[in-house]
Each structure stands twice: as C-alpha cells, then as structure tokens.
Amino acid sequence: METNSSGGGSSSGSLGSSSTMILHNAVIVTMDKESRVFRNGGVFVVQDRIKAIGQSADILQQFSQMADQIIDLQSQILLPVGFVNTHVHTSQQLAKGIADDVDLMTWLHDRIWPYESNMTEEDSYISTLLCGIELIHSGVTCFAEAGGQHVSEMAKAVELLGLRACLVQSTMDCGEGLPASWAVRTTDDCIQSQKELYAKHHHAADGRIRIWFGIRQIMNATDRLLLETRDMAREFKTGIHMHVAEIPYENQVVMDTRKVDHGTVTFLDKIEFLQNNLLSAHTVWVNHTELMRCT
C-alpha cells in the first residue's frame, strides 16, 4: 500500500516502524457487531493494537498530538482481515495471454497442459512468487491452489511470502489430452505422490501451509482415483479441490461413460464424493435436482 504522511511524525518508513500512528481518509470496513462502515474513517493505532476508530475528523482531533505518524490513505479501503482466494493456479501466472479466446478443451489440451507439463521446479517457484505478490497486492492473505506442478516449490514460495495456502498437486490418471510425461502416471503414482506431499508439507511454515488432495477434472480421473482420493482425504482429515461441471461437454462425457442421468454432480453424489471437504470449482452446469443434492 502506498501512503502519504503528514502532520506529527516521520514522513517515511513502514507502517510498523512507529509506536503510534493515525490512518485516516479511508473507507473502513469493520467486523464489529453492527458491521459498521466509515466512508471517511480514521484509526488510531498503538503498537499493533487499534485503540480507536471513527470519522477521520474526530480521530485526528483527539489523537494527532499523540501520533508518531499520520498517514492519509487517500480513500483506499481498510479491512481488519485479508481476503481468501478459493481458486488459484499459481503455475499459470507465467502463461497469461497464451490461451485467450479458445474453448476450454482447446485451452487445456493444446495450450495450458503442454505449457504446465514443461515447467521446471524453478519455473514453478518463480510463478508462485509472482502470483503470490499479485495476491498480496490485492489484499489476499490465504489462497487455495487448484492444481499445479512441483508442489514443493509452491510451498517454498508460500513460506517466503508469508501467505497461508492450501496446496494441491494437479492429479490425473487417464483420459484424452494428457502430455506424454503425464500420460505415464498410474493411479498408484497419483495416490502415492499426494501422500508424500502431505507428509512433507502439511502444516509447514508454522502451520500456514496445508496440503489438500486434488482431482483436476472427472474426464481425466478413473473411478478408482476418485474413490481412493475420497477415502484418503477423509482419513487424513483434509480437503479436496476439483473442477466440477465446468462445461456441458463434461456432463455429456460423464453421462456416456458413467451411465448417469445427468452430469458430474450426479455421479459424484452417487459415489458419496460430495462431502463438506470438497471445494468444487467452476460448477456452473448443474440442474435443479443436483442443486438440491448439494444443499
């Protein structure tokens, strides 16, 4: 956050360098019992504690003589907590613009998966750093990775950035469109690698990192992978991140191959995959019956 200082204190330095400060001229969104919002608000801070909050004029009048630093936030929004981004592909930060204006299957098979499958560990680390910096700049303090490569490098970047994250490996064991280096992965490989990542990184970075299990999408997952991931997540008491019912074509493939009367949500419900630890992304192609199953 860029700030301008004026009044009774130093005109430079980080927000944490002063023992007392006033932040004013801000839209302040509180989390108090009344959920108050101050359109032109001010806050008086001592060390790391908020001592007073109110209209800018009132805060300045009462506390200016006590403040080491007075910072004009120029109508920026001040929040007591950070945002949580529930669907992030850190590995795709370096791929912006390479797959615009194409349908999803072309995007995956011809653009994104070839790109992702050729990423090195260093690529993943740098991409996660850049993605994390953008998240921080947007006020995000916690994110859920949707599935990428080299989870250990993601964890390394997240630890350095100071973010919280639920990290997921991109996991697929069958289906069309897989690059050659991915097509050789067996179901056993997918299960074992996720167990190893959990053992290595779950609760790392002083507890800021959690390892979830991932299913990239149902069209590239065997029934066995789905069932064992379901059971493994239940055993390890962790989450599952999965793209679900993202396009009509996906639902049609599921109807044809899994022999259900609708699409992905219907099948996942049938195999008891729709549990409260499932983070379902891009789930827009659902019918009324499926919506009722999820409530």
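This report walks through a few spots in the structure above: a helix pair, some aromatic rings and two single residues. Keep in mind that the model is predicted.

**Two helices that meet**

Start with helix α3 (residues 121-137) and helix α4 (residues 151-161), whose axes come within 8 Å and cross at roughly 35 degrees. That crossing is right-handed. On the α3 side, the residues that take part are Glu 121, Ser 124, Tyr 125, Thr 128, Leu 129, Gly 132, Ile 133 and Ile 136. They meet Glu 153, Met 154, Lys 156, Ala 157, Val 158, Leu 160 and Leu 161 of α4. Sort the residues of this contact by kind and you get nine nonpolar, three polar and three charged.

If you look along the α3 list, you'll see residues such as Ser 124 and Thr 128, or Leu 129 and Ile 133, taking part. It helps to know a general point here: an α-helix has 3.6 residues a turn, so residues three or four places apart point the same way.

One detail of this meeting place is worth a look. Tyr 125 and Lys 156 both belong to the contact between α3 and α4, and the charged end of Lys 156 sits over the ring of Tyr 125, 4.6 Å from the ring's centre.

Which residues of α4 are buried? They are Val 151, Glu 153, Met 154, Ala 155, Ala 157 and Val 158. Their cover includes α3, β8 (140-145), β9 (164-167), α6 (187-201) and β10 (209-211). Just after α4 comes Gly 162, with a positive phi near 85 degrees.

**Aromatic rings**

Now for the rings. A pair of aromatic rings is described by the distance of the centres and the angle of the planes. The count here comes to five aromatic pairs, and two of them are set out below.

| Pair | Centre to centre | Angle between planes | Kind |
|---|---|---|---|
| Phe 44 and Phe 63 | 4.4 Å | 10 degrees | stacked |
| Phe 213 and Phe 236 | 5.8 Å | 90 degrees | edge-to-face |

The stacked pair links distant parts of the chain: Phe 44 lies in strand β3 (residues 37-46) and Phe 63 in helix α1 (residues 56-63), 19 residues apart. Are these two rings' residues buried or exposed? Phe 44 counts as buried because its relative accessibility is 5%. Phe 63 is buried too, at 14%.

The edge-to-face pair also joins distant parts of the chain, with Phe 213 in strand β11 (residues 213-217) and Phe 236 in helix α7 (residues 223-236), 23 residues apart. Phe 213 is buried, with a relative accessible area of 0%, while Phe 236 is partly exposed at 22%. Tyr 198 joins in as well: together with Phe 213 and Phe 236, Tyr 198 makes up one aromatic cluster.

**Two single residues**

Asn 251 lies in helix α8 (residues 248-258). With a relative accessibility of 6%, Asn 251 counts as buried. What does Asn 251 touch, leaving aside neighbours within four places in sequence? Its contacts are Ala 245, His 262, Gly 263, Thr 264 and Trp 285.

Gly 82 sits in the loop between β6 (77-78) and β7 (83-88). At 28% relative accessibility, Gly 82 counts as partly exposed. Setting aside neighbours within four places in sequence, Gly 82 is in contact with Gly 139 and Thr 141. As for Ala 26, 56 residues away along the chain, its C-alpha atom and that of Gly 82 are separated by 16 Å.

Methods:
Residues numbered from 1 in each chain as written. Predicted model: local features only at pLDDT ≥ 70, side-chain atom pairs only at ≥ 80, totals over all residues. Heavy atoms only, no water. Axes fitted to C-alpha atoms, helices over the stretch in contact; angles between N-to-C directions. Helix = DSSP H or I, 4+ residues; strand = E, 2+ residues; numbered from the N terminus. Left-handed = near helix turned anticlockwise from the far one by under 90°. Contact = heavy atoms within 4.5 Å. Nonpolar A, V, L, I, M, F, W, Y, C, P; charged D, E, K, R; others polar. Phe/Tyr/Trp six-rings, centres within 6.5 Å; stacked < 30°, edge-to-face > 60°. Buried < 20%, exposed > 50% of the residue type's maximum accessible area, 1.4 Å probe, protein only. Lys NZ or Arg CZ within 6 Å of the ring centre and 35° of its normal.
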